[in-house]
Protein chains: 2
Amino acid sequence: MTKNKKTLTDISELGEFGLIDRLTSKFKSRNEKTIMGIGDDAAIIDTGGLYTIITKDIFSEGVHFDITYAPLKHLGYKVVTANLSDIYAMNGTPTHIFAGIGVSSRYSLEALEEIYKGIKLACEKYELDLGGGDTIASKAGLFISITALGSVAPDMVTYRNGAKEHDLICVSGNLGGAYAGLLILEREKQVFKANPDMQPSLKDYSYVLERQLKPEARKDIIELLKERNIKPSSMIDISDGLASEVIHICKNSECGASVYEEKLPLDKMTADVAHEFKIDPSTFALNGGEDYELLFTINQKDYEKIKDQQEISIIGHITNKSEGTKLITVSGNVAELRAQGWDAFREKKNK
Amino acid sequence: MTKNKKTLTDISELGEFGLIDRLTSKFKSRNEKTIMGIGDDAAIIDTGGLYTIITKDIFSEGVHFDITYAPLKHLGYKVVTANLSDIYAMNGTPTHIFAGIGVSSRYSLEALEEIYKGIKLACEKYELDLGGGDTIASKAGLFISITALGSVAPDMVTYRNGAKEHDLICVSGNLGGAYAGLLILEREKQVFKANPDMQPSLKDYSYVLERQLKPEARKDIIELLKERNIKPSSMIDISDGLASEVIHICKNSECGASVYEEKLPLDKMTADVAHEFKIDPSTFALNGGEDYELLFTINQKDYEKIKDQQEISIIGHITNKSEGTKLITVSGNVAELRAQGWDAFREKKNK
């Protein structure tokens, strides 16, 4: 059933979320211990005391990463933190990861060891146990599948569907940096391809390169919220760009949102790279992927508890569903918030 | 760090188990809730009431399956049952699966739907919830990563390391059928390649083909053991061939074993295929992979409880470590039991 017949449907026609919906919509939950199945950052299972959180992600060479410039140790680190980000987005504490790696015979043992060094570093930093590590042969290239487990008290889980009108919309850290890093790496790769004697000029970009190649998950934000006794009304991690995630929260919570462009948290280097590429920096923040920051909503009464936090920006508020998801631009115009998030299938086709 | 330098190590030099050991041996468990990490069929985590069991497996096109003859629906079913087999091997009850699929643009939506139909069928038959289903683009071919979760009472877990001298060695069902099916499929594929007008002659082989293409996991055996109040002293699933699994049990339990060739459970069709290929049927049983039967050891006092069970064969007994792992042949000779299990990296290299 490969696509030799005209009547078959190209996967890219549905987009990533459309595809997942189409494939999984017929599955019915039959287990009363399934608190949350498909449809949030991670699944939640009632395993007795605390709830268990499970999430799984696959990263595929040439689609999610490019080993021309991604050091394998960083790659091992990143595939773990990307998964942890989903656990934190449920307000949970990650405890275990399971790694599955497929490699073609082009990779050496030493290459695999580098990946595992990165995985180990992430396990140490985030205090995780490696519960399983399977390595298999692949036909072409490298892929890494990570399953992360965590736990959370039943009354502390944050889903995507709890945002309420007038809640404040908050974002951790800054946005668009990972995308800025990707653009720099891609540019230097082209320069290198054109003239292999040219050394890539990367030294002025270390912050955004690290955002792309070795991102962290926001454990500190979850700890801070706990310390300050704040339970977000909704939370999601920002992996596909802010706009896409705001729309997810609004769709799941049946509400609207007003996001203020001037409030978007941008690092100076990210803005500089945007200018260098003649792109509006807000586009980086709204649609650049892989930031692994947290987007969450809080009740206004919690405002005082976080207003002094440099690592948390309030970028807007939740509105009635009828008002839609809006961006209030710096010039005061009101625009529809559009998700132009990264779509692996489409990306691939366009290349 | 691909293999352009002589000093780098080819992955196939280590073998599958050597590779996993090498990559994961430096990871230390830091979480007291980790009851069993790497080193058994699945990991066990103390999540409060029951223990949670987690296992993860990846299947890669051209290495673990061949879509020339594996119907995609069956493939979806098989990747689930193969994982469930690991949960049953811990004496547990599977509850959830998470699927991650990587596909190249050569695959259509309809192809993915077929895979998911098989996954759904397995979920229905084994009463599982699908907790997550991620689909990503791959550079080449198809790979499927499945994570399965289950639960087990803390005092009922069966590890690989509990076998005791004089315990009886038991096997469920029959062995070698999946390998017989594979040989038939490979033969017919070659015939078809040589002459595409030839129709494959498969009709006389339905049982062994089903063993290869759509295996079941032995839920019934776990239920039976529970009903009869038997807790095996050790258990493992047979995915790499009986010899390999007996050696695993003996290594982990620090014991020896005597396995009687005449007791090996063989289906008639499996034996017929072995004769057709001029291979000793015992070789199929000892070294053919993918049977997904259960190998377990029980105390002799439990013998009466299972002696009437056609689906359980007693094939030998556990001995002192000093006696090694032995095969007592039909002719009465004593041979060393050798694992010639399937090794993806080696297989690939030899092709």
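In the predicted model, B:Gly48 is the residue of chain B that comes closest to the rotation axis. Its C-alpha lies 2.5 Å from that axis. The axis belongs to the operation that superposes chain B on chain A. That operation is a rotation of 180 degrees, with 0.0 Å of shift along the axis. The RMSD of the superposition is 0.0 Å. Rotation and shift together therefore give the relation of a two-fold axis. The two copies use the same surface: 100% of the contact residues of chain B recur in chain A.

Within chain A, the domain assignment gives two segments. Domain 1 of chain A spans residues 11-156. Domain 2 of chain A spans residues 168-350. Taken over C-alpha atoms, the centres of domain 1 and domain 2 of chain A are separated by 21 Å. The contact between these domains involves 23 residues of domain 1 of chain A and 24 residues of domain 2 of chain A.

On the domain 1 side of this contact in chain A, two helices each supply at least two residues. These are helix H1 (15-24) and helix H2 (72-88) of chain A. H2(A) gives the most to the side of domain 1 that touches domain 2 in chain A, with 9 residues. By class, this side of domain 1 of chain A has 12 nonpolar residues. Another 7 residues on that side of domain 1 of chain A are polar, and 4 are charged.

Definitions and conventions:
Residues numbered from 1 in each chain as written. Chains lettered and ligands numbered in written order. Predicted model: local features only at pLDDT ≥ 70, side-chain atom pairs only at ≥ 80, totals over all residues. Least-squares fit on C-alpha atoms with pLDDT ≥ 70 in both. Contact = placed C-beta atoms within 7 Å. Domains from an automatic or database assignment. Helix = DSSP H or I, 4+ residues; strand = E, 2+ residues; numbered from the N terminus. Nonpolar A, V, L, I, M, F, W, Y, C, P; charged D, E, K, R; others polar.
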